[in-house]
Amino acid sequence: MSDKTSPDQPAFPTLSDDEMRDSLELFATALAGMSERMDEQGKLLAKVNLRATEARSAAVGAQDQTNPKLYGELIAKTVDAKLNDVTADLIATEHNFSVEREKLAGAVKHLTDQRADLINRICAREAKVERFKARLPWLAGGVAILFVVGLLVLPRFIASVPSGCAVLGGLWTTTTTGIPICVQDANDGWF
């Protein structure tokens, strides 16, 4: 070793053997103490690492359980399972309603057709009644005229046959020209 010191290195005094031994013992004791502390800290770090690993594992598990997407999927699966039963019941009910609605529509159409037919018949009858009412004065006049004509003509018609003449209380006889005639006594008053 050279006694020369470089400007980069500071100058240290030279130690004696005893001082060197004491320094080495002190250094070894410090190194042993540091080694023990490092072993303790290594054990402590191992425990911390174990706890950190457990915490990380628990956090990952909790993350899966609290992950909105996964939790939402779990809820969706549960709700879907329940809704499938409800949906099947609703579809069956809707089908039953559809069948009943078709039956009801057929019944309503049948009733509507019957109602329209009844209204048409009532209107036709009312039209006949109105036509009859319009003809009634003419019919009544015709019957009155027929009655008057009948009163005048009927006795003469009945009297034109021998049996009718007898019913009227007349006498069937023949005129001088040979024409048969029904005669009645002038005192009876109808001829």
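Here's a quick briefing on a few features of this structure. Keep in mind that the model is predicted. Three things are worth a look: a helical stretch that carries a UniProt annotation, a hairpin made by strands β1 and β2, and a disulfide that joins Cys165 to Cys182.

**The annotated stretch**
- UniProt, in an unreviewed entry, marks residues 138–158 as a "transmembrane region".
- In the model, that stretch of residues 138–158 comes out as 100% helix and 0% strand.
- From one end of residues 138–158 to the other, the C-alpha atoms sit 28 Å apart.

**The hairpin**
- Strand β1 covers residues 171–174 and strand β2 covers residues 180–183.
- The two strands, β1 and β2, run antiparallel and pair over 4 bridges.
- If you want a spot to start from, find Leu171, which stands opposite Val183 in β2.
- Between the strands of this hairpin there are 5 residues, and Gly178 takes a positive phi near 95 degrees.

**The cysteines**
- Searching the whole structure turns up 1 disulfide.
- That disulfide is formed by Cys165 and Cys182, with 1.8 Å between their sulfur atoms.
- Cys165 belongs to helix α3 (residues 162–167) and Cys182 to strand β2, so the pair ties together parts that are 17 residues apart in sequence.
- The link of Cys165 and Cys182 is right-handed, with 80 degrees about the S-S bond.
- Both Cys165 and Cys182 are buried.
- Cys123 has a relative accessibility of 43%, so Cys123 counts as partly exposed.

Conventions: Residues numbered from 1 in each chain as written. Predicted model: local features only at pLDDT ≥ 70, side-chain atom pairs only at ≥ 80, totals over all residues. Heavy atoms only, no water. Pairing = 2+ DSSP bridges. UniProt positions renumbered as here; feature names shortened; annotations may be inferred. Disulfide = S-S within 2.5 Å. Buried < 20%, exposed > 50% of the residue type's maximum accessible area, 1.4 Å probe, protein only.
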